[in-house]
Amino acid sequence: MNTARRGALAASLALALTATACTGAGEVTESEGPDLSVSTGVTDDAIVIGTHQPLTGPAAAGYMSISRGAAAVFDYVNEQGGIHGREIDYRVEDDGYDPARTIDVTRQLVIEDEIFAMFGGLGTPTHGGVVDYLNEEGVPDVFPASGALAWNNTEEHPLTYGWQVDYTKEAKIQGQYIVENFPGQDVGYLFQNDDVGEDSQEGLDQYLTDEVVTRQHYESEVPDLSAQVAELKRSGAEVVVCSCIPAFVALAMLEAASTDYDPQWVVSSIGGDTATLQGLLAAFTEDTDAEGVPADTFLDGLIITSYMPRVEDTEDEWSAFFIDVYEEYGEGDPLTNTHIFGMTQAVMFAQVLMSAGPDLTRQALVDALEEQEWQGPGPVPFSSSGGDHGGHQGAYIVQYQEGGAIEMLQETRVTDRDGGPIEEVDFTPLSPEELVFHD
């Protein structure tokens, strides 16, 4: 990393941003629940945080890079002196995207590792099995890596703070875009058979009605989409909205290509990492008739909703920041948008820890989340205060072009999960140089 870049980066990561008048918001007393005045997991020189991630299993190929990206940022933070002199001790446990294993590894992190907070626990079916436990145990549950609506339920889960744009908001934006840009075309849904699919349909259906000709679901443990794609083709769906994790986006595209079915694919952010999809497509076509066909052939024209910086956008200052950090602190694998997902989460979490102050308690962390209007690397507003723990509030839309370029189709728009309007927003994210990383 060059000296000029290092100087800019040393002035980055983790700070208290624009404060708002919400003093005391989110405070939980002993009479109301667990004692948050504790500093479990915090020593004079370390802050222990934990996460559950699919390092093996059906979601590993698509998502194992998230924790690698987060680890690179935390290593960078630690080399710069840590958070108020404490290093972040980031402990990653493999749950294989298996809800039963998620329960086991989460209990291990809470009971044996005594983590200060859960950070970025991944998956709707997996994290959904531990969200009650974490809140009951008084463990702040910060930025789950999923867009499920359950993470924004302050009455049942006051210590859970969403990060990802929720599936319903994102799907509303997709639905409106399809109605406006593909009028009169038949639409098919392909979705994961859990909250991902349920919440996504709830948003899409607010704009798409008679256009929908078929709804096809898959189970994440069954890597075969032949029947679903056959039905999409038979129904005449000209546009297919895929609310799918990356492995199933790739499987769907390959199955469609093998039957000469060529719809317009519209993919949600959870499956829209083109770099990850390229690797999956290459792996899935080995020893098949499609072996050797460039992955870009399948991806050309793919429409994607997003809310973070993208690795394809080489002129974006945050992309440049993450490229530099991962080059020095990463594991040597190619940087993807999945890495950037974890890196963006880590940047924002480091900011929150810094804002919580040197006398770190779980209540101080909650207060920091509640009392500020957080801005991060993404060009989308973020909410973690009062009655809204929804995280990112909307999305923008891009189209991938063969050769690696992306075209902006629609700038950031925000909405709610219900019947409210979808609105343009004038929002500028912070730049890396505007962040301050020191006491």
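Here are three short exercises on this predicted model, each with a worked solution.

Local features here need pLDDT of at least 70 and side-chain atom pairs count only at pLDDT 80 or more, while totals for chains, interfaces and linings use all residues. Residues are numbered from 1 along each chain as its sequence is written, and side-chain values use heavy atoms, with hydrogens and water left out.

**Exercise 1. Work out which side of helix H4 is buried, and what H4 packs against.**

Start with the extent: H4 covers residues 99-112. (Helices are DSSP runs of H or I with at least four residues, strands are runs of E with at least two, and both are numbered from the N terminus.) Its 14 residues reach 19 Å from first C-alpha to last, close to the 20 Å expected at 1.5 Å a residue; that expectation is 1.5 Å times one less than the number of residues.

Next, pick out the buried residues: Thr 102, Val 105, Thr 106, Leu 109 and Val 110. (Buried means under 20% relative accessible area, exposed over 50%, partly exposed in between, with a 1.4 Å probe and protein chains only.) They sit on the same side of H4 because they cover an arc of only 135 degrees around the axis, taken from the directions from the helix axis to the C-beta atoms.

Now flip to the face turned away: Asp 104, Ile 111 and Glu 112 are exposed there. Finally, look at what the buried residues pack against: strands E1 (46-53), E2 (87-94) and E3 (117-119), plus helices H5 (124-127) and H6 (131-136). (Contact means heavy atoms within 4.5 Å.)

**Exercise 2. Find the residues with the most contacts inside the largest nonpolar core, and the helix that gives the most to it.**

A nonpolar core is a set of buried Ala, Val, Leu, Ile, Met, Phe, Trp, Tyr and Cys residues joined through side-chain atoms within 4.5 Å. The largest one has 98 residues, and Phe 143 and Phe 349 have the most contacts inside it. Helix H14 (residues 337-356) gives the most, with 12 residues. Skipping neighbours within four places in sequence, Phe 349 touches Ile 49, Phe 74, Ala 117, Phe 119, Val 142, Phe 143 and Leu 365.

**Exercise 3. Trace how strand E14 pairs with E13 and E15.**

Strands pair if DSSP finds at least two bridges between them. First, E13 (residues 394-400) runs antiparallel to E14 (residues 406-414), with six bridges; one partnership is Gln 399 with Glu 407. Five residues separate these strands in a hairpin, and Gly 403 in the turn has a positive phi of about 110 degrees. Then E14 joins E15 (residues 423-424), also antiparallel, through two bridges, with Val 414 opposite Glu 423.
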